[in-house]
Amino acid sequence: MRPVIIAANWKMNTTPADAGELAATIAARTEEPGVVRVICPPYICLAAVRDALAGKNVAVGAQNVHHEQGGAYTGEISASMLAGLATWVILGHSERRRDEFEDDELIGKKLARAISAGLRPILCVGEVLAEREAGRAVEVVATQLRGALVGKDVEALLNAGFVIAYEPVWAIGTGRTASSADAAAMAEAIRATLAADLGWGHNAESVPVLYGGSVTSANIGEFLAEHSIDGGLVGGASLKPDEMAGMVARAAVTAKARAAAEGKPA
Ligand code: PGA
């Protein structure tokens with residue numbers, strides 16, 4: 001049974017002075033059984049958010065790591081530096097692919113660093129609008145997956161709880177979402193690429209795939225109704241406690257239904 005995950009990507013928002021309070025408010029408003037909650041604030045707010053979430057069963061994640069261990073990389077943060085601050089990390093977000101020119105090979109190196117530092121990675125993939133309109137979305141995402149994952153230690157990734165977020169670039173921050181059917185088809189295509197192209201076989205079925213891109217409490221239900229989708233990576237709406245409460249409450253319904261289907265308590 002795959003977990004149901006709601007991951008908050010705060011992007012370049014909040015300060016060390018206000019992040020802890022926001023995280024604590026969200027934690028208190030989202031106490032639902034069966035849902036894995038993750039908050040990814042800016043690096044500089046990680047300590048405040050970690051402290052605010054102590055004992056609250058909400059994980060803390062970073063939004064990026066550098067691909068090297070350490071050295072002369074002004075302004076960068078390595079995976080091992082996050083020890084004690086974060087247990088998850090978002091990698092390959094489309095804003096970093098676009099603004100920092102991150103390519104699949106570099107993202108693959110970051111992934112390897114993240115795993116060896118004991119972080120749980122969320123690898124982001126997704127096509128731009130022209131690629132979707134040209135009917136190339138599945139091919140583009142498969143290329144991203146192969147580029148980042150080829151040659152990686154599958155067992156180490158699985159042990160780390162590797163997660164994939166499908167985020168169509170044209171849906172991020174635009175108020176426009178993929179249809180739930182398209183998102184579900186992509187989640188299936190992602191697992192098919194892992195299973196066949198990358199040789200993960202049946203292990204591909206255990207990899208959670210999240211949908212991201214203008215997710216809100218009003219639309220998350222459509223995505224969570226899809227068996228192949230295991231939650232959301234949420235940007236704008238994740239800064240609003242009411243929205244987080246609504247999304248996690250809806251995710252708890254799916255978590256409960258999945259547990260019941262397996263004959264387990266949520
Ligand atoms: P959004 O961002 O929810 O604001 O569209 C999602 C993301 O970029 O992870």
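**View 1. Glycine 212 of strand E7 meets leucine 233, the bridge partner of glycine 212 in strand E8.** E7 and E8 pair in the parallel sense, over two bridges; strands count as paired if DSSP finds at least two bridges between them. The strand and helix names come from DSSP runs, numbered from the N terminus, with at least four residues for a helix (H or I) and at least two for a strand (E). A word on what you're looking at: this is a predicted model, where local features need pLDDT of at least 70 and side-chain atom pairs count only at pLDDT 80 or more, while totals for chains, interfaces and linings use all residues. Residues are numbered from 1 along each chain as its sequence is written, and side-chain values use heavy atoms, with hydrogens and water left out.

**View 2. Strand E7 also pairs with strand E6.** E6 covers residues 163–166 and runs parallel to E7, with three bridges joining the two. One partnership to look for is tyrosine 166 with tyrosine 211 of E7. Which way do the residues of E7 point? Val209 and Tyr211 go one way, Leu210 and Gly212 the other, and all are buried (buried means under 20% relative accessible area, exposed over 50%, partly exposed in between, with a 1.4 Å probe and protein chains only). Together, E6, H8 and E7 make a right-handed β-α-β unit: with the strands pointing away from the viewer, the path from the first strand over the helix to the second runs clockwise.

**View 3. Arginine 2 reaches glutamate 205 in a salt bridge.** The closest N and O atoms of this pair are 3.7 Å apart; a salt bridge here is a side-chain nitrogen of Lys or Arg within 4 Å of a carboxyl oxygen of Asp or Glu. Arginine 2 sits in the segment before strand E1 (4–9) and glutamate 205 in the loop between helix H8 (180–197) and strand E7 (209–212), so the bridge ties together parts 203 residues apart in sequence. Arginine 2 is buried, at 11% relative accessible area. The pair belongs to a network of salt bridges that links Arg2, Arg191, Glu205, Asp230 and Arg258.

**View 4. Aspartate 230 and arginine 191 form another salt bridge.** Their closest N and O atoms are 2.7 Å apart. This pair links distant parts of the chain, 39 residues apart: aspartate 230 is in the loop between helix H9 (220–224) and strand E8 (231–234), and arginine 191 is in helix H8. Are these two residues buried or exposed? Aspartate 230 is buried at 0% relative accessible area, and arginine 191 is buried too, at 4%.

**View 5. Helix H8 is tied to helix H6 through aspartate 197 and arginine 146.** The closest N and O atoms of this salt bridge are 2.4 Å apart. Aspartate 197 lies in H8 and arginine 146 in H6 (residues 137–149), so the pair ties together parts 51 residues apart in sequence. Aspartate 197 is partly exposed at 45% relative accessible area, and arginine 146 is partly exposed at 33%. The structure holds 17 salt bridges.

**View 6. The ligand has 13 residues around it.** Lys11, His93, Glu167, Gly173 and Ser214 come nearest; to be near, a residue needs a heavy atom within 4 Å. A polar side-chain atom of lysine 11 lies 2.7 Å from a ligand oxygen atom, and one of glutamate 167 lies 2.6 Å from a ligand oxygen atom. Glycine 235 contributes a polar backbone atom, 2.8 Å from an oxygen atom of the ligand. How much of the ligand does the protein cover? The protein covers 95% of the 280 Å² of accessible area that the ligand has on its own, with areas from the Shrake-Rupley method and a 1.4 Å probe.

Conventions. Polar contact = N/O pair within 3.5 Å; in protein donor to acceptor, adjacent residues only side chain to side chain.
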